[in-house]
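Biologist: Could you please give me a close look at a single part of this structure, namely the surface that faces the nucleic acid? I am new to the structure and would welcome a connected account.

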Number of protein chains: 2
Amino acid sequence: MRVTMADVAREAGVSKTTVSRVINTRSEVDRATAARVRAIIGRLGYVPSSGAVGLARGTSRTLGMLVPSLTWSWIAEVLQGVVDTVEARGYGLLLYTCNRGAESARRFTEQVSARAFDGLLVVEPENTLDTIGALHREGLPVVLIDDRGRHPAFPSVVTTNHEGAASAARHLRAAGRTRPLVITGPGHFPCVQDRLRGFTEVLPEHHVAPGDFGEESGSRAVRRALAAGTVFDAVFAHNDLTAAGALRALRAAGRSVPEDVAVIGFDDLPMARHTEPPLTTVRQPAGLLGETAARMLLDHLAGAPAPDGPVVLPTELVVRRSAP
Amino acid sequence: MRVTMADVAREAGVSKTTVSRVINTRSEVDRATAARVRAIIGRLGYVPSSGAVGLARGTSRTLGMLVPSLTWSWIAEVLQGVVDTVEARGYGLLLYTCNRGAESARRFTEQVSARAFDGLLVVEPENTLDTIGALHREGLPVVLIDDRGRHPAFPSVVTTNHEGAASAARHLRAAGRTRPLVITGPGHFPCVQDRLRGFTEVLPEHHVAPGDFGEESGSRAVRRALAAGTVFDAVFAHNDLTAAGALRALRAAGRSVPEDVAVIGFDDLPMARHTEPPLTTVRQPAGLLGETAARMLLDHLAGAPAPDGPVVLPTELVVRRSAP
DNA sequence: CTGAAAGCGCTTACAG
DNA sequence: CTGAAAGCGCTTACAG
């Protein structure tokens, strides 16, 4: 039913070997023969079975990608960058999430053992870092995207958490803000520590309120600071969601942004342009992160040596009305 | 190097056939033999090569999914639903976008011919509908997600555009709004026509302003209506982005929401809760759309007959402060 | 420049 | 209950 290499060979009066050579454009084929075979391939609409090619060659020309929840919008942007790059190189992309905990993890490692893909891209491995490390040690090419500052022993693409936070601090200082409130993410994330250090180096004097990257934690931090009589003329939140919560609480308390309090977030999610006022934020180059990681992995599969240190992509301060 | 079925067979002193039977839990195997083989499989950490199994069986246990840009956030939600369902059934998911036009399309149809996946999920086929139709006719199982109201000749999962718009209209009418301004999406989309009809049946009297699903088109429509002296006490925008634009223009013009003008959107993107005021909107069940489509396709591959009509999933009016 | 044959790692009648 | 053999659709030494 489906057209196979044997059909092409028979029709062209040559061996499968020759057809294979034509397809893979090996130079040893007679020009006339090649042309004839190519014509038949076109007429029959023959396309090699990817499965069979993979089995014979021992590679699948497919990459795997493991992500936490897809509903975090910056991950969708990373994914877009990956898909673009992978498609352009003629590879396929197999997508996995670790949504359902242990069950997903088990299934996922099975896929690895089943050689379903040649290399793996991992975003923000939370609990899976050990598993990934083991797979990497067993020979699976892996590139990490945003290691959350953990810098483990394999290739990764990261962003400048330290410098990004510093740029936010410089922006506030230049605007004459002297009493910032910093609402952090979960304290055990290395990226959170990096952001805190980067900010502190520029503006050593500030209040710190613990947050959890959720929106409510931003509101809560602001409410508490106001209730405690803390004086602040700026908020630097460790992500956009938290910043949105801060905006909400400030409005509820009758503080105007940016007149009374300037607010800066981190990430530049799509929602950042839709808050009121639109949010000034430290943009993570999500799409570029994905592209770069995919390119690194593909290059490595093509024989290039793996880079030793993490590849660092710069953040960019996006100025909107919440902190002009 | 990698453990193969032959290794297991040799170690267990049985034939590959028997190992295969144990793996696929055929009943004809002696209990003791099966136990021994299983022990060896465990000890060796053997996992069947998915490529080889696929070649031998003629199926890949993989689904393909073709989406337009991933950066539209509701698509990420659809994708999440698909991935969850597909993973739970032990299938893989191969992701493709049609970002780069003709080039992507060509590569994509090659993948189809290469039998890289057993069935295909397609989101909102814009220009690719003809191609998809051809593939479907040639025997590829396909399920459409959100056909934008075109209802072509194959299985699809859609949402209630007509009823969703009607529910928005009823909500406005119940709140005593009598002069709505409707900002539409691109007029050639059947879903836009459905939304317009659904709204009209409840509130026949209204102004219509053409939009294009972009944010700016919402702002522009409001500015023009105000400039023209059009009197309106409500806005129904055909998507959330347009509604956000409308909110912005209303604020700039000094109209308060919802006091002067109530605003309702469509989609319930994550940003809808972050506008000021938070947006009342007609929620599309994106995650459920993905789950349902994946389940339909998987069931069909398992032998179930394809449903004849489109499967319709209800929208839900989410009331927030922009139209209480 | 070309082909016969073995091999990739499985599954599946078929025979016993 | 079990195994030898053919087959899935390719690639790749090897020989000519």
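**The surface near DNA strand C**

Modeller: A side-chain N or O atom of Thr17(B) lies 3.3 Å from a base oxygen of DNA strand C, a polar contact being a pair of N or O atoms within 3.5 Å. This is a predicted model, in which local features need pLDDT of at least 70, side-chain atom pairs count only at pLDDT 80 or more, and totals for chains, interfaces and linings use all residues. Residues are numbered from 1 along each chain as its sequence is written, chains are lettered from A and ligands numbered from 1 in the order in which they are written, and side-chain values use heavy atoms, without hydrogens and water.

Two base nitrogens complete the description of these pairs. In chain A, the side chain of Thr17(A) places an N or O atom 2.6 Å from a base nitrogen of DNA strand C. In chain B, a polar side-chain atom of Lys16(B) is 3.0 Å from a base nitrogen of the strand.Around DNA strand C there are 27 residues, and Thr17(A), Thr18(A), Arg21(A), Thr33(A) and Ser20(B) come nearest; a residue is near the strand if one of its heavy atoms lies within 4 Å of it. Of the strand atoms within 4 Å of the protein, 58% belong to sugar or phosphate and the rest to bases.

Helices H2 (16-23) and H4 (50-57) of chain A, and H2 (16-23) and H4 (50-57) of chain B, each supply at least two residues of this surface. H4(B) gives the most, with five residues. Helices here are DSSP runs (H or I, at least four residues), numbered from the N terminus. The surface divides into 11 nonpolar, 10 polar and six charged residues, where Ala, Val, Leu, Ile, Met, Phe, Trp, Tyr, Cys and Pro count as nonpolar, Asp, Glu, Lys and Arg as charged, and the others, Gly among them, as polar.

Terms used. Polar contact = N/O pair within 3.5 Å; in protein donor to acceptor, adjacent residues only side chain to side chain.
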